Amino acid sequence: MTHEPIIEAKGLSIRFGGLVAVDSYSLVLRSEDLAGLIGPNGAGKTTAFNLLTGVHKPSEGAILIGGQDMTGQKPHKLAQAGLARTFQNIRLFADLTVLENVMCGGHLRHGSSLFSTLAYLPAFRRSERQIAQEATKIIREVGLADAIDRRAGDLSYGDQRRVEIARALATQPKALLLDEPAAGLNPSETQALVELIRRINGEMGIGVLVVEHDMRLVMSLCRRIQVLNRGKLVCEGAPAEVQADPAVIEAYLGTRRQRAAHA
Amino acid sequence: MSKSAPETITMGTSGGGQWLAAPLRIALLIAAATVALWLVTAGSSAYLTTLIAVMFINAALAVSLTFTNGMTGMFSLGHPAFMTIGAYVAAILTFPSRRKASMLPDLPEFIASLDLSLLPATVIAGLAGALVALLVGLPVLRLRGHYLAVATLGLIVIVQGLALNWNGITRGGAGLSGIPRLSNIWWAFGFMVLTVAAVWRIKFSSLGRAMMATRENDLAAECTGIDTVRIRMLAFVIGAFFAAVAGALMAHLISVVTPRTYSIVLAFNLVVMIVIGGSGSIVGSVIAAFAITIVSELLRPVEESFGLYGMSQVIVALSLILVLYLRPRGLCGSDEPAFVKHYLNGKKHL
């Protein structure tokens, strides 16, 4: 069965000065998708992520979230529409506890108004309780129950990544974008991460797009892979197709000088 | 152990095995402080009473600034500007109407004929401060970095300039004197309690977490669905509201306001208070504000008898350097002391 696409990006481009960092990048992501975005260093993967999440405004192209045009909107609007992400260089609220970090994600859906907060209305207490309960549940799901009251900045690298994912899940997203989630993790942490991502996609029904350098991980995890080289999509398909594609091999291994000269 | 057994979610039962429900404990605390204050004022001079009132107002100012700056990660220096606005607005509203006609000839008729009591005047003053903050914030808060510090510094100068030159309404450099002494230690105490209560309530709520998230990591907060521009605006405007009310109460306490009453020096002193207390800490700000007010006042006779004017300012600055060197996160960090949190918020919810 196929659902309506959650993210539909059409021909996204962005220029920084004279440099075209990403050139007409397109993506269709559905809730059942577990897609990967790979490419050599500097190919524009993170920039593509930033375009999709509203951190950068595209010079050209359009983004539709759930069929709604969200081009040029700020990140919190896209988060509201159902997009959540993590960052390559982890960005936690370091001075807050794990629970508080994840509860921040609940602000979007259940946050009370200033008035009901100051008046300590029953609606405020209800929403606080709901935020806390949902956050606790998510923290348990990602396996951080033991660290729930610890300062997020004091956790190990692997646990910090999980907090980031938990915080993203607390916004109740329809699609989750993970920017190099396995970077800096040891093999057992990576294995746990893979299982978590599969659960997010399979059990929670959230569409996932992963940027990753670890080729073995991407090939085993993702069902569909996009390859980006010098800002352009050079290939999209199943892992086996991608691995056999000459354009991909060229992107990663380069071409011989002579052939390049002929081309 | 608070972290074990997260399955037992005991909420609504008002804090497990504690001897009183949270609202009652808070009421008890305020009642005890009121009695203590009553005993102090009963036996003390007018001078000491006023000093304590100023101390309370300073504490409220420090708490409201730590709300804007410490919790939300901005750097506003605008408190003196908002205080000046609040002081003038409230003073003009409460001034006896028979004197207004001659003293402040440029006032519009409907204001000149007003004889407001202190409460409505301070509320209007607070709203005026909040409105100015909104107008300043609209362009500035979209930018990150220290634009806000520069803009609010400019605001102090602008407000001062307006107060100096708008003779028909502010009486220029002479300022407004003979403001009715409507405020007193109880007003100051009530205002401080109200400020602390409001900031505390927000800090331990979703809104407060959104503010601290904005402080910790702007981009991550934005991507987590927090409208960071709106959150900063909220923190800035609410802080300005409290500052303007403080200015109004102060003017009605010392019965005078001039364009230079609240200057950049005050902005510096307030920043010192929140840095010493721990940026973002309510309890820390209150303690630091009390301490600095008392120390500066104690040094006054020393300054006068030895002719060392400005010494208290030097000592305040030195204590700032010392704190930054020895305990850079201040007295309480950005958190509240555990026993205070436990007392006011009850047991941890989960």
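A salt bridge is taken here as a side-chain nitrogen of Lys or Arg within 4 Å of a carboxyl oxygen of Asp or Glu. In this predicted model, the side chains of B:Arg209 and A:Glu128 meet that criterion, with 3.2 Å from N to O. Across the interface of chain B and chain A, two salt bridges are found by this rule, while the count over all chains comes to 19.

The interface itself is a good place to begin a tour of the model. Here 36 residues of chain B are in contact with 41 residues of chain A. Together the two chains bury about 3,300 Å², and 65% of this area falls on carbon and sulfur atoms. On the chain B side, B:Arg209, B:Cys223 and B:Thr224 supply 19% of the area buried against chain A, more than any other three residues. B:Arg209 thus appears twice in this account, once among these three residues and once as the partner of A:Glu128 in a salt bridge.

Within chain A, attention turns to an open sheet of four strands, which follow the order β2-β1-β4-β5 with antiparallel pairing. Its edges are formed by β2 and β5 (68-69), each of which pairs on one side only. Strand β1 (residues 7-16) pairs with β2 (residues 19-29) over seven bridges, in the antiparallel sense. The register can be read from A:Ile7, which stands opposite A:Leu29, and from A:Glu8, whose bridge partner in β2(A) is A:Val28. Two residues lie between the strands of this hairpin, where A:Gly17 takes a positive phi near 65°. Strand β1(A) is also joined to β4 (residues 60-65) of chain A, by five bridges and again in antiparallel fashion. In that pairing A:Glu8 stands opposite A:Leu64, so to speak a meeting point for the reader, since A:Glu8 has a partner in β2(A) and another in β4(A).A second hairpin of chain A involves β9 (residues 224-229) and β10 (residues 232-237), which run antiparallel and are joined by five bridges. A:Ile225 has A:Gly237 as its bridge partner in β10(A). This hairpin has two residues between its strands, and A:Arg230 takes a positive phi near 45° there. How is β10(A) tied to a part of the chain that is distant in sequence? The side chain of A:Lys232 forms a salt bridge with that of A:Asp23, at 3.8 Å from N to O. A:Lys232 lies in β10 and A:Asp23 in β2 of chain A, so this pair ties together parts that are 209 residues apart in sequence.

Chain B offers a further feature in the second largest pocket, which holds about 760 Å³ of space. Of its 25 lining residues, B:Val54, B:Asn58, B:Asn269, B:Glu297 and B:Arg300 are the closest to the centre. Five helices of chain B each supply at least two residues of the lining, namely α2 (46-71), α12 (228-254), α13 (264-277), α14 (282-306) and α15 (311-326). Which helix gives the most to this lining? It is α14(B), with six residues. In character, the lining divides into 13 nonpolar, nine polar and three charged residues.

How values were computed: Residues are numbered from 1 along each chain as its sequence is written. Chains are lettered from A and ligands numbered from 1 in the order in which they are written. This is a predicted model: local features need pLDDT of at least 70, side-chain atom pairs count only at pLDDT 80 or more; totals for chains, interfaces and linings use all residues. Side-chain values use heavy atoms; hydrogens and water are left out. On a 1 Å grid over the protein atoms alone, a cavity is a set of points where a 1.4 Å probe fits but cannot get out, and a pocket is an open set with protein on both sides within 12 Å along at least five of seven lines; lining residues have an atom within 4 Å of a point. Grid points are joined across faces, edges and corners, and a volume is the space filled by probe spheres set on the points. Ala, Val, Leu, Ile, Met, Phe, Trp, Tyr, Cys and Pro count as nonpolar, Asp, Glu, Lys and Arg as charged, and the others, Gly among them, as polar. Two strands pair if DSSP finds at least two bridges between them. Contact means heavy atoms within 4.5 Å. Buried area is the accessible area (1.4 Å probe) that two parts lose on being put together, summed over both.
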